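Me: I've got a model open and a few things I'd like to talk through. Mind going over it with me?

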Amino acid sequence: MKLKKNLLNYKNIYLGRNDVDKFRNRRKIINEKSVLKVIKKKYSDLKVIRPGFIPVIETIKYIYNCERLFSPLGTQLVLNSLFAKNLKLIFEMVPEKYYGFTTAQLVSKFKNSMYKKSITHNVKPGWPLYTNQKANIRDLKKKIKL
């Protein structure tokens, strides 16, 4: 199989929420640069990918050898994490008004991985799942243990 020959070896990956389709280009972390700076303090080799801009097979090549995935709440995290062969951590940024079990938590149980989450806040009023978010940097640092 061609996929196995072309796998990439990134252990720490951040899945960004961006898409070429303007309708789906929402729920971004507006202070993402600050988020990445915090995560890179502990995981300097962090690779940032944006699944909405690359083919699915290319995303799988990145994810396959990944051990730690960081991402805002969303399908990009859940579906892509299923392709990681030895996932140790799923770190999800979840809107503060989202209550209940996330699908990433289910995947972490399925993959026998650790699950951590950090809080984000709505930028403007709206249902928390469909508006851009601002990460709580203090909470992020605490959860990443910096």
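Me: Is Phe83 buried, partly exposed or exposed?
Reply: Keep in mind that this is a predicted model. Phe83 sits in the loop between helix H4 (75-81) and strand S4 (89-95). Buried would need under 20% relative accessible area, and exposed over 50%. Its relative accessibility is 38%, so Phe83 counts as partly exposed.

Me: How much accessible area does the nonpolar surface patch with Phe83 have together?
Reply: Phe83 shares that patch with Leu79, Leu82 and Phe110. Together the four residues of the patch come to about 420 Å².

Me: Which elements do the buried residues of H5 pack against?
Reply: In H5, the buried residues are Ala104, Gln105, Val107 and Ser108. Looking down the helix axis, they fall within an arc of 160°, so they line one face of H5. The partners of these buried residues are H4, S4 and S5.

Me: And which exposed residues are on the face of H5 turned away from the buried side?
Reply: One of them turns up in the nonpolar surface patch too, namely Phe110. The full answer for that face is Lys109 and Phe110.

Me: What phi does Asn112 take, just after H5?
Reply: Asn112 lies in the loop between helix H5 (103-110) and strand S5 (114-122). At 73% relative accessibility, it counts as exposed. Most residues other than glycine have a negative phi. Asn112 isn't glycine, yet its phi is positive, near 60°.

Conventions: Residues numbered from 1 in each chain as written. Predicted model: local features only at pLDDT ≥ 70, side-chain atom pairs only at ≥ 80, totals over all residues. Heavy atoms only, no water. Patch = residues over 30% accessible without salt bridge, like charges linked within 9 Å, V, L, I, M, F, W, Y side chains within 5 Å. Areas by Shrake-Rupley, 256 points an atom, 1.4 Å probe, with all protein chains shown as cover. Salt bridge = Lys/Arg side-chain N within 4 Å of Asp/Glu carboxyl O. Helix = DSSP H or I, 4+ residues; strand = E, 2+ residues; numbered from the N terminus. Buried < 20%, exposed > 50% of the residue type's maximum accessible area, 1.4 Å probe, protein only. Arc of directions from axis to C-beta. Contact = heavy atoms within 4.5 Å.
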